[in-house]
Amino acid sequence: MKNSKKINEHASKKVASFKHWYHRITISSGIETPGSHDSNQELALLDQLGLPLDCSGLRVLDIGCCDGFFSFEMERRGADVLAIDFTAPGIRGFSIAAELLNSNVEHRIANVYDLNPAEFGTFDMVLFLGVLYHLRNPLLALDKVRSVTKSEGLLFVETQLATDVTVLESDTPLCQFFPADTLYGDGTNKWGPNQAGLVEMVREAQFELVNEGRYGDRGYAYAKSIYDEKLESFRKIDSSTSAFGAEQKNKT
Ligand SMILES: C[S@@+](CC[C@H](N)C(=O)[O-])C[C@H]1O[C@@H](n2cnc3c(N)ncnc32)[C@H](O)[C@@H]1O
């Protein structure tokens with residue numbers, strides 16, 4: 001009894017020592033990290049969408065893991081998890097949470113654009129939550145995500161959508177560009193698709209849509225990795241190692 005009181009005091013102190021929590025992670029009964037993000041609500045939406053409740057035997061990649069709420073949840077559900085973020089785990093609350101949860105989640109400092117199967121391997125499931133709208137090149141990032149997703153592997157994407165009502169409510173696939181720091185004063189907010197735009201970008205990167213959801217100005221897509229020869233040829237044209245480029249050169 002005395003021992004568990006001591007452990008809880010230690011956990012409370014550790015949690016309080018970090019001032020910038022984003023996620024609300026349950027450390028033990030009565031101790032939750034005081035994040036601004038309603039992490040359990042988002043988890044409930046992902047569960048509704050089809051996030052597996054049992055992840056035993058699955059290798060899962062959590063891109064832009066931040067404090068690690070989704071990484072630790074996937075581990076709790078039985079997955080072997082790699083968490084990546086371009087910020088260090090000690091700058092986020094990840095290191096503290098991992099220690100307090102006694103977690104085995106591996107954290108790597110990495111940019112989504114650097115994902116490749118040779119270095120990172122491939123994954124049964126990829127979580128790409130709250131990152132897409134921060135990227136200047138969202139389709140390139142989705143291609144990189146596709147490159148590390150196993151055949152028929154699962155992808156869950158969540159993003160800020162467009163804020164312009166005409167764009168947001170349109171059924172035409174559209175993306176709104178946020179120049180400089182025009183979205184919420186944050187210069188890292190770059191592209192907000194509408195729901196149709198999100199779905200079509202995911203499809204363009206060779207994923208087949210399984211389910212989708214829109215909640216206000218946040219969009220969700222759940223998809224399965226496929227191979228599509230035509231889409232793959234479009235992707236190659238748009239890469240610096242264009243197979244078509246080489247073919248053209250040989251003809252001159
Ligand atoms: C809004 S938070 C989302 C956190 C978490 N995935 C969620 O949905 O609750 C965005 C996170 O993505 C990370 N991030 C942004 N751009 C990234 C990039 N290009 N590569 C890797 N991580 C990135 C940020 O450092 C931050 O931790």
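Student: At about what angle does helix H6 run to strand E7?
Tutor: This is a predicted model, in which local features need pLDDT of at least 70 and side-chain atom pairs count only at pLDDT 80 or more, while totals for chains, interfaces and linings use all residues. Residues are numbered from 1 along each chain as its sequence is written. H6 (residues 138–147; helices are DSSP runs of H or I with at least four residues, strands runs of E with at least two, numbered from the N terminus) lies across strands E3, E6, E7, E10 and E11. With angles taken from 0 to 180 degrees between N-to-C directions of axes fitted to C-alpha atoms, H6 runs to E7 (149–160) at about 145 degrees.

Student: Why does H6 count as oblique to helix H8?
Tutor: H6 packs against H8 (residues 195–204) with the axes 9 Å apart. Oblique is what remains outside under 35, over 145 and 65 to 115 degrees, so H6 is oblique to H8 because the angle is about 45 degrees.

Student: Which residues of H8 make the contact with H6?
Tutor: The contact (C-beta atoms, placed from the backbone, within 7 Å) draws on Pro-138, Leu-139 and Leu-142 of H6. Facing them on the H8 side, the partners are Met-201, Val-202 and Glu-204.

Student: Which strands are the edge strands of the sheet?
Tutor: The open sheet has 7 strands in the order E5-E4-E3-E6-E7-E11-E10, with mixed pairing (strands pair if DSSP finds at least two bridges between them). Those that pair on one side only are E5 (106–109) and E10 (207–215).

Student: Over how many bridges do E4 and E5 pair?
Tutor: Within this pair, Ala-83 stands opposite His-107 in E5. E4 (residues 80–85) pairs with E5 in the parallel sense, and the number of bridges is 4.
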